[in-house]
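Visitor: Got a minute to go through this one with me? I'd like to poke around the side chains a bit.

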Amino acid sequence: MLINCVVYEDGLKRADIPVTDISEWLQNPHCCVWVALQDPDAQELSQMQQEFGLHELAVEDALKGHQRPKIEEYGNMVFVVMHLVNPAVAAAEHESSGELAVFAGPHFILSVRSRSPHGFLGVRERCEREPELLRSGAGFVLYALMDAVVDRYFPVLDSFESELDRIEEQIFTPGSSRGNIEQLYALKSSTSVLRHAASPLVDVLGKLHGGRVPGVCAGVQEYFRDVHDHVTRISSATDAVRDTIGTAIQVNLSMVTIEESETTKRLAAWAAIFAASTALAGIWGMNFEGMPELKWTYGYPIALSVIFSTGLLLYWRFRKAGWL
């Protein structure tokens with residue numbers, strides 16, 4: 001589906017144009033055509049391929065989707081793939097909510113958004129408010145799109161950190177270990193979504209500033225360096241969250257072991273008390289004729305007193321030792 005097709009001249013919006021006029025406007029060296037598509041079909045991408053002269057391999061990747069974040073050069077054109085992530089989808093489905101594929105050439109920018117309801121109208125408005133930078137052409141638009149995608153990772157990371165803090169507060173609550181471990185594993189799966197989206201972008205953005213860079217990005221290298229710093233920080237923070245989750249899981253497993261040990265000690269203590277009582281009762285229950293206690297008037301209450309006193313003594317000792 002076509003979102004918009006706009007031509008800019010010297011950084012200023014010239015007009016909304018039909019797709020069929022794209023090739024004509026590209027002949028003007030002062031113009032830049034910006035096209036945005038959402039979930040396009042093969043026919044729409046084929047039409048864009050003809051108008052912009054896109055490489056068939058890049059078009060195939062944009063059509064099929066499910067690509068790893070990457071950057072590829074095809075002559076003077078750059079093809080970039082990024083993952084779009086939001087907290088709700090990452091937590092519920094453990095997968096990225098979509099992809100953004102961007103084709104950037106000397107005088108055009110084509111963005112293809114797939115499987116995501118969140119648009120980039122704010123990016124277009126931002127670029128139009130800065131015509132002196134938009135005059136740089138497709139390189140600045142590519143930066144603005146990548147910056148918007150990376151900025152959307154920060155709320156996702158914040159939500160993961162908040163969820164981790166909430167779970168950590170419950171770690172030492174008795175009886176909560178099993179539920180905590182389940183939540184931690186779910187959170188770890190969610191952080192994998194962000195990690196798979198952000199970590200590859202570190203290398204991608206590293207190729208867009210310093211040293212040899214694609215010609216379309218040469219004039220805005222400092223902006224790509226800023227985005228590179230952001231995505232590096234996100235990648236490092238995500239790894240830190242994952243490490244903390246691993247530590248929290250180990251702590252919860254230790255708490256489970258401690259709770260089981262406490263239960264075992266209680267059971268052992270009660271078993272010892274009843275074992276002593278059973279042993280004494282067994283002695284007096286053998287009914288041999290030579291047992292003097294059988295003839296005593298107070299033999300029965302004395303035997304009960306000894307059994308009860310032994311149980312109390314053992315209970316006091318186990319209680320003092322912390323087993324009960």
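Visitor: Is Ile302 buried, exposed or partly exposed?
Guide: Partly exposed: Ile302 has a relative accessible area of 43%. Keep in mind that this is a predicted model.

Visitor: And where does Ile302 lie?
Guide: In helix H11, which covers residues 299-321.

Visitor: Which residues make the nonpolar surface patch with Ile302?
Guide: Trp296, Tyr298 and Val306 join Ile302 there, and the patch comes to about 440 Å².

Visitor: OK, switching to aromatics. How many aromatic pairs does the structure hold?
Guide: Seven. One of them is Tyr8 with Trp34: the ring centres are 6.2 Å apart and the planes sit at 45°, so this pair counts as tilted.

Visitor: Which parts of the chain does that pair link?
Guide: Distant ones. Tyr8 is in strand E1 (residues 2-9) and Trp34 is in strand E3, with their positions 26 residues apart.

Visitor: Are Tyr8 and Trp34 buried or exposed?
Guide: Tyr8 is buried at 4% relative accessible area, and Trp34 is buried at 3%.

Visitor: What about Tyr143 and Phe224, why is that pair edge-to-face?
Guide: Because the planes are at 85°, and the cut-off for edge-to-face is over 60 degrees. The centres of those two rings are 6.2 Å apart.

Visitor: Which helices do Tyr143 and Phe224 lie in?
Guide: Tyr143 is in helix H7 (residues 138-151), while Phe224 is in helix H10 (residues 221-284), so the pair ties together parts 81 residues apart in sequence. Both Tyr143 and Phe224 are buried.

Visitor: Which residues do ring pairs link into a cluster with them?
Guide: Phe140 and Tyr223 belong to the cluster along with Tyr143 and Phe224.

Visitor: I'm also looking at Val220. Where is that found?
Guide: Val220 is in the loop between helix H9 (177-206) and H10. Val220 counts as buried, at 2% relative accessibility. Its C-alpha is 6.6 Å from that of Gly139, although Val220 and Gly139 are 81 residues apart along the chain.

Visitor: Back to Trp34 for a second. What lies over its face?
Guide: Arg124, at 4.0 Å from the ring centre. There's also Arg152, which lies over the face of Phe120 at 4.3 Å from the ring centre.

Visitor: Now charges. How many salt bridges does the structure hold?
Guide: Eleven. Among them is Arg14 with Glu9, at 2.2 Å from N to O. Arg14 is partly exposed at 46%, and Glu9 is partly exposed at 23%.

Visitor: And Lys64 with Glu60, where do they lie?
Guide: Both are in helix H3, four residues apart, which is about one turn of the helix. Their salt bridge is 2.9 Å from N to O. Lys64 counts as exposed at 56% relative accessibility, whereas Glu60 counts as partly exposed at 35%.

Visitor: What's the N to O distance for Glu130 and Arg126?
Guide: 3.7 Å. Glu130 counts as partly exposed at 23% relative accessibility, and Arg126 counts as partly exposed at 24%.

Visitor: Which residues do shared salt-bridge partners join into one network?
Guide: Asp61, Lys70 and Glu72.

Visitor: Changing topic: how many disulfides does the count come to?
Guide: Zero. Cys32 is in none, and its nearest cysteine sulfur, the one of Cys31, is 8.8 Å away. Cys127 is in none either, with the sulfur of Cys32 as its nearest at 9.8 Å.

Visitor: Are Cys32 and Cys127 buried or exposed?
Guide: Cys32 counts as buried at 10% relative accessibility. Cys127 counts as buried too, at 0%.

Visitor: Last thing, backbone angles. What's the phi of Asp39?
Guide: Positive, about 45°, although Asp39 is not a glycine. Asp39 is found in the loop between strand E3 (31-38) and helix H2 (42-52), and is partly exposed with a relative accessible area of 41%.

Visitor: And the phi of His66?
Guide: His66 has a positive phi of about 55°, and is not a glycine. His66 lies in the loop between helix H3 (56-64) and strand E4 (70-74). At 62% relative accessibility, His66 counts as exposed.

Note on methods:
Residues are numbered from 1 along each chain as its sequence is written. This is a predicted model: local features need pLDDT of at least 70, side-chain atom pairs count only at pLDDT 80 or more; totals for chains, interfaces and linings use all residues. Side-chain values use heavy atoms; hydrogens and water are left out. A disulfide is a pair of cysteine sulfur atoms within 2.5 Å. Buried means under 20% relative accessible area, exposed over 50%, partly exposed in between (1.4 Å probe, protein chains only). Helices (H or I, at least four residues) and strands (E, at least two) are DSSP runs, numbered from the N terminus. Patches are made of residues with over 30% relative accessible area and no salt bridge: like charges are joined within 9 Å, nonpolar side chains (Val, Leu, Ile, Met, Phe, Trp, Tyr) within 5 Å. Accessible areas come from the Shrake-Rupley method with a 1.4 Å probe; for residues, only the protein chains shown count as cover. A salt bridge is a side-chain nitrogen of Lys or Arg within 4 Å of a carboxyl oxygen of Asp or Glu. Rings of Phe, Tyr and Trp (its six-membered ring) pair if their centres lie within 6.5 Å; planes under 30 degrees apart count as stacked, over 60 as edge-to-face and the rest as tilted. A charge sits over a ring if NZ of Lys or CZ of Arg is within 6 Å of the ring centre and within 35 degrees of the ring normal.
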